[in-house]
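These are my notebook entries on a single protein model. I record below what I looked up, entry by entry.

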Amino acid sequence: MGETKKKTRIICIGAGASGLFFALNCASDDNEIILIDSNSKAGRKMYISGKGRCNITNNCDVKEFIANVVRNPKFLYSAIHRFSPADTIAFFNEHGCPLKTERGNRVFPVSDHSADIIDCLVKECKKNKVKIIFDQKVKEIRKEKDQFHVICKDREFAADKLVIATGGRSYSSTGSTGDGYRFAKQFGHRVVELKSALCPIRVKERINREMLKLTLKNVSLSAKNDRFHKTIFGDMEFLPGSVTGPIVLSMSSLINREDPVELSLDFKPALDDEKLDKRLLRETENNPNKNISYLLTTLLPKEICAFFIENTGIDSDLALNSLTREKRKELLDHLKHFRLSFDRLEDIDKGIVTSGGVDVNEIDPRTMESKICDGLYFIGEVLDVDALTGGFNLQIALSTGYSCATALKG
Ligand SMILES: Cc1cc2nc3c(=O)[nH]c(=O)nc-3n(C[C@H](O)[C@H](O)[C@H](O)COP(=O)(O)OP(=O)(O)OC[C@H]3O[C@@H](n4cnc5c(N)ncnc54)[C@H](O)[C@@H]3O)c2cc1C
C-alpha cells in the first residue's frame with residue numbers, strides 16, 4: 001500500500017474579499033485550507049460595498065488600472081497582470097453571478113445585490129472543500145520551528161503556512177479592526193503609518209441643512225500647498241461639518257500624506273473667466289433692477305446660494321445696475337476659486353479604505369510572501385496599497401489573493 005502524502009495545512013485569517021478568493025483558488029488535493037474569521041458570516045465589508053451593490057472591479061486594462069492606484073502601483077503590476085479585471089469578469093460570469101458594466105467602467109452584479117458576489121465566493125470555497133470557521137477572533141500567533149500556532153478566542157490551530165487577510169482599519173464594525181498590522185509587526189515587518197483614505201474632508205465652514213440634500217454636479221475641487229497641486233472634476237456632496245462625494249473621496253486619498261492644503265472650488269469649470277464674465281454681464285444687462293441674490297440663482301443650485309453669500313461676504317442686496325466692473329470681477333473670482341477652509345480628513349474608521357499598512361518592500365510581489373518570515377503571506381488591504389473609487393480596491397484584494405494562491409498551490 002502506498003503512503004498517503006501529508007497535506008500542507010494553510011490557515012488564512014480573514015474571510016473577506018481577499019481571503020475567500022485566496023482560499024477557493026488555493027484548495028487542492030495537496031492543500032488543506034482553513035479560513036478563520038471573527039464574524040459569523042463571510043464578506044461583511046463586501047456586503048456594504050458599492051452601497052450594497054458591490055462594485056467588484058473596473059472594466060479597464062492593466063495600464064489604466066495601475067493609474068488609479070494611489071500607493072505602490074508598481075508593487076501591483078505582477079498581481080494585476082496575473083489576475084486582471086477581465087479575469088474577474090470572466091470568473092463571476094462563469095460561476096453563476098453575471099456582471100454588468102456601468103458608467104466609469106464600474107462593474108456590478110446584474111442583480112445589484114452584493115450578497116450574490118459573496119454567495120458565489122462562499123459556494124466556490126465549499127465546493128473546493130475549504131473549511132470556514134466563524135466567530136473565532138485570532139488573538140495571537142506563535143511560530144515554533146516551521147509551524148504557525150494560531151490562537152483564537154477559544155480554539156487553537158496549527159499550520160504549515162499562514163496567510164494574513166485581515167483587511168484595513170476602517171469600518172471596524174465589519175471586523176477589520178487592524179489586527180493584521182499587529183501580527184505583521186510581531187514578525188518584524190514595518191507597518192507604514194495608517195491614514196484615512198477615500199473619506200470625507202472636514203471643513204471649517206458651517207454646512208447648512210439645505211445643503212445636505214444637494215449634489216453639486218460638474219464642479220472642480222482643487223487642493224494645493226507649496227509642493228502639491230491637484231484638481232478633480234465631478235460631483236460633490238455635503239455632510240454636517242464636512243464635504244464628501246466622488247471628487248472629495250478621491251482628493252482625500254491624494255492629500256492624506258500632505259501638509260495642510262488650501263481647498264478651492266470652481267463652480268463653473270466649463271466656463272473660462274472670459275465666458276463667465278460675458279454671462280454675468282448679460283444677466284446684469286437683462287435684469288438691471290434685480291440684485292446679486294437673484295443673479296446667483298441663475299448660476300448656482302438654490303440650496304447653496306445662502307452658503308455662498310455667507311462665506312464670500314458679497315453684498316447680496318446690491319442691485320445689478322450698481323454692479324461695477326470691480327465688483328463683477330470679485331464675484332467671478334469667488335465663483336471660480338471659492339475658498340473652503342480645510343480642517344482635517346475624517347477619522348480613519350470612516351474611510352472607505354485605509355492608506356498605509358504592511359510595507360510592500362518586505363513582500364514578494366509575485367507570491368505575497370514575507371521576505372522576513374518564511375511561510376507567512378499578506379494579501380488585500382492589510383498591505384500598503386490603496387486605489388481610487390471605481391472597483392479598484394476589491395480587484396486588488398482578488399488579484400493579491402490569487403497570486404498568493406497560485407504560489408502556494410505550486
Ligand atoms: C462602505 C464601503 C464601501 C466600499 N465599496 C467598495 C466598492 O464598491 N468597490 C471596491 O473596489 N471597494 C470597495 N470598498 C473597499 C473594499 O471593500 C475593501 O478594500 C476590501 O473589502 C478589502 O478586502 P480584504 O479582504 O483585504 O479585507 P476585508 O474585506 O475587510 O476582510 C477582512 C476580514 O478579516 C477578518 N478579521 C480581521 N481581523 C481578524 C482577526 N483577528 N481574527 C479573525 N478574523 C479577522 C474580518 O472580520 C474581515 O472579515 C468599500 C469599503 C467600504 C467600507
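**Overall fold**

I began with the contacts in this predicted model. Counting contacts between residues at least 6 apart in sequence, I found that 74% join residues at least 24 apart. I then listed the secondary structure, which comprises 13 helices and 22 strands. For the dimensions, I noted that the C-alpha atoms fill a box of roughly 100 × 40 × 35 Å along the principal axes. I also looked up burial: of the 410 residues in the protein, 42% are buried.

**Ligand shell**

I next turned to the ligand and noted that 40 residues surround it. The closest of these are Gly-14, Gly-16, Gly-167, Gly-175 and Gly-380. By residue class, the shell holds 15 nonpolar, 19 polar and six charged residues. I asked which helices each supply at least two residues of this shell. They are helix 1 (17–26), helix 2 (44–48) and helix 13 (392–409).

**Cys-12**

I then examined one residue, Cys-12, which I located in strand 1 (residues 8–13). Is Cys-12 buried or exposed? I recorded Cys-12 as buried, because 31 other C-beta atoms lie within 10 Å, where 20 or more suffice for that label. Leaving out residues up to four places away in sequence, I listed its contacts as Gly-19, Phe-22, Ala-23, Ile-33, Leu-35, Val-163 and Ala-165. Of these partners, I noted that Gly-19, Phe-22 and Ala-23 fall within the range of helix 1 (17–26). Finally, I checked Cys-12 against Ile-118: the two are 106 residues apart in sequence, and their C-alpha atoms are 17 Å apart in space.

Note on methods
Residues are numbered from 1 along each chain as its sequence is written. This is a predicted model: local features need pLDDT of at least 70, side-chain atom pairs count only at pLDDT 80 or more; totals for chains, interfaces and linings use all residues. Helices (H or I, at least four residues) and strands (E, at least two) are DSSP runs, numbered from the N terminus. A residue is buried if 20 or more other C-beta atoms lie within 10 Å of its own, exposed if 12 or fewer, and partly exposed in between; C-beta atoms are placed from the backbone. Two residues are in contact if their C-beta atoms, placed from the backbone, lie within 7 Å. A residue is near a molecule or strand if its C-beta atom, placed from the backbone, lies within 6 Å of it. Ala, Val, Leu, Ile, Met, Phe, Trp, Tyr, Cys and Pro count as nonpolar, Asp, Glu, Lys and Arg as charged, and the others, Gly among them, as polar.
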